[in-house]
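Colleague: Please take a close look at one part of this model, its disulfide bonding, and walk me through what the coordinates support.

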Amino acid sequence: MNIKHLLLLPVLTLAGQAVAQSALDINLHDKGIDSLVLSVSDETFSSPVREVRLAAKDAKVKYMLDEPTVRLVIITTLDAGAKKQVKCFAVPGATVRVNGTWDKHTFKGHQLVEDDAAFDAAIAPVLKKNESLMTLLRSMQEAGEPEDSIFAVYRREGMKIRQDLQSQAYGFLKKHPDRDFSAYLAVSQFVQDPDEELAKLAPAVREGIMKPHVDAVLAARKAMAEEQERKAREEEERIAAMSGKPAPDFTLNDLNGQPLSLSSLQGKVVVLDFWGAWCYWCMKGIPDMKRYYDKYSDRMEILGVDCNDTEAKWKQTVKEHNMNWKHVYNPKGNKDVLEQYGVSGFPTKVIISADGKILKTVVGEDPAFYEYLDHLFQN
């Protein structure tokens, strides 16, 4: 790669057109740092498109980017062991100056980078709360607290943090509809309805330097949504195609370490419950599963298939929650049974007839599962 630095040219002629360059003037005053890595994003700011390694005396260097649109640049050093990082926007036609230290620095040269820095400073206390929450959740996991309790804390405290972040974003958008940074925020993770917020921006901002980013983000989201819809349709078709077919037999070890085959349960309706103690919705559904097992245990057997837990965690969870039906353990990395039944999400419940045919598959903790059992046994 041809690295260009210390040469600040106003324009670059490319394919017969003048394209304004982006200039970065980096001075992080770090003695002994003699090299920097610049990671340049695509127009969505989510994926790097190239990486540039620069010689930089004491973390000081000037560099020209040939990108025709605004890009996010991550400046990194691995010198002296510790990884240090600074992010900033590179703006065509502007020289962005990064001055200070790795921990405390300023951005000058364009309103976009100054607004970005100010917003980062405003949300810094909220992000600290998020770090504290992650630490708390890890400590709860290490202490062996129930997954539903951990998830309840995550949902409650995480919601507060998200609301604080959204409040900062919407506050900026309301106050500065004429700023380029508002276009960035309008399609950020903090905003629920990008189209609504974009419509409130000044026309010059909507059509300004952030338009390529906005267009790229919206196009990427549309493509992702279409792909998710396609996969959902395929999943529905696959599940529908399995109905009426013989349930694939398998053998896994039960709670006593003895092999248990699905076929040994033939003669009763069997519910295969693919679950895990780590899965919030799996655990949330246990009370209803217990209630329905008691209700129909004379005609129905449940075979819980634990996935992605340690064997000790599986046994502990079954005991603590009094899950008094049959259980087998599917070791981590064993995908055979999951592939046989097309399991792609948890919980997945497969209802099998007394003669071994698949009747229905329900993904997620869905009332439709219990409604189907009532319909099945009351008719």
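**Disulfide and cysteines**

Modeller: Counting as a disulfide any pair of cysteine sulfur atoms within 2.5 Å, the total comes to one. The model is a predicted one, in which local features need a pLDDT of at least 70 and side-chain atom pairs count only at pLDDT 80 or more, while totals for chains, interfaces and linings use all residues. Residues are numbered from 1 along each chain as its sequence is written, and side-chain values rest on heavy atoms, with hydrogens and water left out.

The bond joins Cys279 and Cys282, whose sulfur atoms are 2.4 Å apart. In general, such a link is a covalent bond between the sulfur atoms of two cysteines. The torsion about the S-S bond of Cys279 and Cys282 is about 80 degrees, and the disulfide is therefore right-handed.

As for surroundings, a residue is called buried under 20% relative accessible area, exposed over 50%, and partly exposed in between, with a 1.4 Å probe and protein chains only. Cys279 counts as buried because its relative accessibility is 6%, and its partner Cys282 is likewise buried, with a relative accessible area of 7%.

Cys307 is a separate case, because the closest cysteine sulfur to its own is that of Cys282, 8.7 Å away, which is too far for a bond. Cys307 is nevertheless buried, at 1% relative accessibility. Cys88, too, counts as buried, with a relative accessibility of 1%.
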